Amino acid sequence: KTTNSADSTSKTENLFEGAVSQPLITERFSADPSAHVFDGKIFIYPSHDYDAGMPENDNGDHFAMKDYYVYSLDSVGGKVTDYPMALTVEDVPWAVSQMWAPDIAFKNGKYYFYFPARDKDGVFRIGVAESDKPQGPFKAETQAIKNSFSIDPAVFTDTDGKSYMYFGGIWGGQLQKWATGKFDAKGSATDLEKDDQPALSPKMAMLAGDMKEFAETPKDIKILDENGKEFLGGNHEKRFFEASWMHKYNGKYYFSYSTGDTHKIVYATGDNPYGPFTYHGVILNPVVGWTSHHSIVEFKGKWYLFYHDTQVSGGKTHLRNVKVIELKYDVEGKILPIDPYGK
Ligand code: FUB
């Protein structure tokens with residue numbers, strides 16, 4: 001699982017100048033950046049990587065994160081502001097370990113911070129914590145969100161004010177263990193192990209008005225190829241693995257995600273927040289390091305891709321650093337693929 005994926009980087013057709021970007025945050029390791037614009041600044045909500053001395057395995061035990069820090073940028077390329085710790089696992093009654101990729105939403109004058117963690121039974125759930133300020137500190141609810149499971153929450157608020165959570169991840173993210181609707185601790189460690197059957201789908205649910213509960217039972221998101229067919233489990237180049245993100249551009253809904261073991265960020269578009277979504281292609285070629293995780297945000301008329309690689313740690317897959325690069329669309333709204341190293 002820990003091969004250096006830069007070796008498999010392929011050439012992209014639509015490169016633009018200045019593609020190589022530099023680490024944004026060097027105070028501590030950071031990954032899985034969710035970027036949002038609040039109060040005229042870009043706020044970044046990443047995972048806080050550190051070395052817990054855990055062995056690397058396919059379950060992701062070496063991603064043993066236990067707290068979160070928030071950062072902001074007045075401008076892209078400008079100074080990074082680093083805030084005091086925003087949330088620690090010690091202040092979350094239901095959570096025990098593995099504080100993985102978070103996200104945030106602003107509603108009702110409050111900031112709602114969403115994060116996955118394993119509970120006392122080792123099962124990933126998704127929690128919510130609240131603050132009056134975008135940088136926190138956040139106060140966590142005593143219980144995880146009811147009916148939540150798996151990892152990588154991404155919350156999108158549509159122009160009509162409705163908010164939706166997209167989530168899920170296979171392998172260490174445990175989505176495959178929920179295939180029957182109940183958690184099966186003895187279930188597969190990776191995926192459904194049925195390469196000729198439809199792959200596992202990411203999940204989504206509308207959020208309730210108080211932003212602390214699902215307003216509906218989580219649903220599958222359908223990602224279809226150009227012939228309207230779902231990707232099969234064996235299609236590791238295109239099927240969903242983890243790292244959901246939703247953004248809207250020119251009235252279209254862009255659902256993007258990581259292909260995990262093939263290390264790409266790809267996207268699909270649809271006409272509404274529920275999909276189905278039709279696959280279009282790669283946004284980001286493999287970075288150095290096993291995981292890839294991103295967010296997409298508009299700021300002052302330009303679009304940006306926030307992502308991570310392992311440049312600062314010299315390739316340690318669980319010690320990552322956040323980067324940002326401009327993202328561009330063609331006239332038809334297709335995203336121009338980015339090679340992280342400008343190849
Ligand atoms: O950071 C831990 C996990 O690695 C995230 O939840 C995944 O998306 C992957 O980046």
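**Exercise 1.** How many nonpolar, polar and charged residues are in the lining of the second largest pocket?

*Solution.* Keep in mind that this is a predicted model. Start with the space: the second largest pocket holds about 310 Å³. Next, look at its walls, which are made by 15 residues. Nearest the centre you'll find Trp178, Ala179, Gly181, Lys203 and Asp220. Now sort the lining by class, and you get eight nonpolar, four polar and three charged residues.

**Exercise 2.** Work out which strands give two or more residues to the lining of the largest pocket.

*Solution.* The space in this pocket comes to about 470 Å³. There are 20 lining residues, with His36, Val155, Phe156, Thr157 and Val297 closest to the centre. Then go through the elements: strands S1 (31-38), S7 (103-107), S11 (154-157), S16 (242-249) and S20 (295-299) each supply two or more residues. By class, the lining of the largest pocket splits into 13 nonpolar, four polar and three charged.

**Exercise 3.** Find where the ligand sits, and pick out side chains that make polar contacts with its oxygen atoms.

*Solution.* First, place the ligand: it's in the largest cavity. Second, list its neighbours, taking residues with a heavy atom within 4 Å. Among them are Asp32, Met65, Trp100, Glu242 and His308. The whole shell has four nonpolar, three polar and four charged residues. Third, check the distances from polar side-chain atoms to a ligand oxygen: 2.5 Å for Asp152, 2.6 Å for His293 and 2.6 Å for Arg320. Last, see how covered the ligand is: alone it exposes 270 Å², and the protein buries 99% of that.

Methods. Residues numbered from 1 in each chain as written. Predicted model: local features only at pLDDT ≥ 70, side-chain atom pairs only at ≥ 80, totals over all residues. Heavy atoms only, no water. 1 Å grid on protein atoms, 1.4 Å probe; cavity = no way out; pocket = protein on both sides within 12 Å on 5 of 7 lines; lining within 4 Å. Points joined across faces, edges and corners; volume = space filled by probe spheres on them. Helix = DSSP H or I, 4+ residues; strand = E, 2+ residues; numbered from the N terminus. Nonpolar A, V, L, I, M, F, W, Y, C, P; charged D, E, K, R; others polar. Polar contact = N/O pair within 3.5 Å; in protein donor to acceptor, adjacent residues only side chain to side chain. Areas by Shrake-Rupley, 256 points an atom, 1.4 Å probe, with all protein chains shown as cover. Sits in = over half its atoms within 2 Å of the grid points.
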